[in-house]
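Here is a colleague's note for someone opening this entry for the first time. Please read it with the structure on screen.

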Amino acid sequence: MEAYSEFAQVYDIFMEDVPYKEWGAYVISLLKDHGIEEGLVLELGCGTGNITIQLADSGYDMIGIDNSQEMLTVAMEKEETTKYGILYLNQDMRSFELYGTVRAVVSICDSINYITDRDELEQVFRLVNNYLDPGGLFIFDLNMPYKYQQIGDSVIAENQQDCSFIWENYYDCQERMNEYDLTVFVRDEQGKYDKWEEVHWQRAYTLEEIKESLSRAGLVFVNAYDAFTNQPVHHKSERIYVLAREQGK
């Protein structure tokens, strides 16, 4: 089954321990540190809109793009309550289209790791470059090889009141490809459990590979930080944040 289809219905339940407020605050601080305090911002791989909403709450005019209609359905249900005027688009980040340019593009929660082919990664970066204002900023995070190595071949399980999941993880160190097979059980109104299965693939990139791909796409690398700090990337960094700018198309 395609990733983030049925799982979208319970995604926020299983991610309730993720510190979205801290993640959002960090992204906002990076935007403001680089002179972007307002304006139109695009989030690629916005999922159920948790970060998108935080950015909108901070005064940014938001567009959210995701290739899972099911995830966007949840995001749009939240929009009915928040009423920020967020524009959600069901598009693949490898071929997304906008009507104009934006001041910044952000991509959080390892969405870029889902782009497992180098040529397709560069295509994403080209599109970002194309739709950024002159001098516009691109911020994205990445899970690093060290994190996948730490998870390795393992099984993770969690049980909630009305749903549970089993996550079987496999990491190929040679190819730097991570596979996780997700099995979700959700109790229906009759008390019976539906079973859903999804397979997710992610690739671990080195920072040097990212720099090369950004350059080929016409973007200028600005900096990279060990996640949620202002410290440089190191050999045990599990997640990093990369900043790049548009500098003449």
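1. Start at F228. F228 has a relative accessible area of 36%, so it is partly exposed. This is a predicted model, and that applies to every point below. The ring of F228 pairs with that of Y26 in an edge-to-face manner, with 5.5 Å from centre to centre and 70° between the planes. Y26 sits in helix α2 (residues 20–33) and F228 in the loop between β10 and β11, so the pair ties together parts that are 202 residues apart in sequence. Y26 has 10% relative accessibility and therefore counts as buried.

2. Next, the aromatic surroundings. Y26 and F228 belong to one aromatic cluster that also holds Y20, W23 and Y241. The model has 11 aromatic pairs in total. A pair of aromatic rings is described by the distance of the centres and the angle of the planes. For F96 and Y131 the centres are 5.4 Å apart and the planes are at 40°, so this pair is tilted. F96 comes from the loop between β3 and β4 and Y131 from helix α5, so parts 35 residues apart in sequence are tied together. Both F96 and Y131 are buried.

3. Now the open sheet. Which order do its seven strands follow? The order is β3-β2-β1-β4-β5-β11-β10, and the pairing is mixed. β3 and β10 (219–226) are the edge strands, each pairing on one side only. On average, neighbouring strands of this sheet are turned by 20° against each other, direction ignored.

4. Look at the pairings inside that sheet. Strands of a sheet pair through backbone hydrogen bonds, either parallel or antiparallel. Strand β1 (residues 39–44) is parallel to strand β4 (residues 102–107), with three bridges between them. V41 has A104 in β4 as its bridge partner. β5 and β11 are antiparallel and share seven bridges; there L142 is matched with I240 of β11. β10 and β11 are also antiparallel, with seven bridges, and Y225 has Y241 in β11 as its bridge partner.

5. Is β11 enclosed or open to the outside? Seven of its eight residues are buried, so β11 is largely enclosed by the rest of the structure. S107 offers a second case, in strand β4. S107 counts as buried because its relative accessibility is 0%. Its contacts include L44, M93, I112 and F140, leaving aside residues up to four places away in sequence.

6. Two helices lie across strands of the sheet. Helix α3 (residues 50–57) lies across β1, β2, β3 and β4, and runs at about 165° to β2. Helix α5 (residues 118–131) lies across β1, β4, β5 (132–143), β10 and β11 (239–246), at about 145° to β5.

7. Helix α4 deserves a check of its length. Its 14 residues (69–82) should span 20 Å at 1.5 Å a residue, and the end C-alpha atoms are 20 Å apart, which agrees. The buried residues of α4 are M71, L72, V74, A75 and E79. Seen down the helix axis, they fall within an arc of 155°, so they line one face. They pack against α1 (11–14), β2 (60–66) and β3 (87–90). E80 and T81 are exposed, on the face turned away from the buried side of α4. K83 follows α4 and has a positive phi, near 55°.

8. Before α4 comes a loop residue to note. N67 lies in the loop between β2 and α4. With 43% relative accessibility, N67 counts as partly exposed, because buried means under 20% and exposed over 50%. Its C-alpha atom is 7.3 Å from that of M93, though the two are 26 residues apart along the chain.

9. Finally, two hairpins share β8. Strand β8 (residues 177–187) is mostly covered, with nine of its 11 residues buried. Strand β7 (residues 163–172) runs antiparallel to β8 and is joined to it by 10 bridges. I166 stands opposite T183 in β8. Four residues separate β7 and β8 in their hairpin, and R176 in the turn has a positive phi of about 55°. β8 also pairs with strand β9 (residues 193–203), antiparallel, over 11 bridges. V186 has D194 in β9 as its bridge partner. Five residues lie between β8 and β9 in this hairpin, where G191 in the turn has a positive phi of about 85°.

Conventions. Residues numbered from 1 in each chain as written. Predicted model: local features only at pLDDT ≥ 70, side-chain atom pairs only at ≥ 80, totals over all residues. Heavy atoms only, no water. Expected span 1.5 Å × (residues − 1). Buried < 20%, exposed > 50% of the residue type's maximum accessible area, 1.4 Å probe, protein only. Arc of directions from axis to C-beta. Contact = heavy atoms within 4.5 Å. Pairing = 2+ DSSP bridges. Axes fitted to C-alpha atoms, helices over the stretch in contact; angles between N-to-C directions. Phe/Tyr/Trp six-rings, centres within 6.5 Å; stacked < 30°, edge-to-face > 60°.
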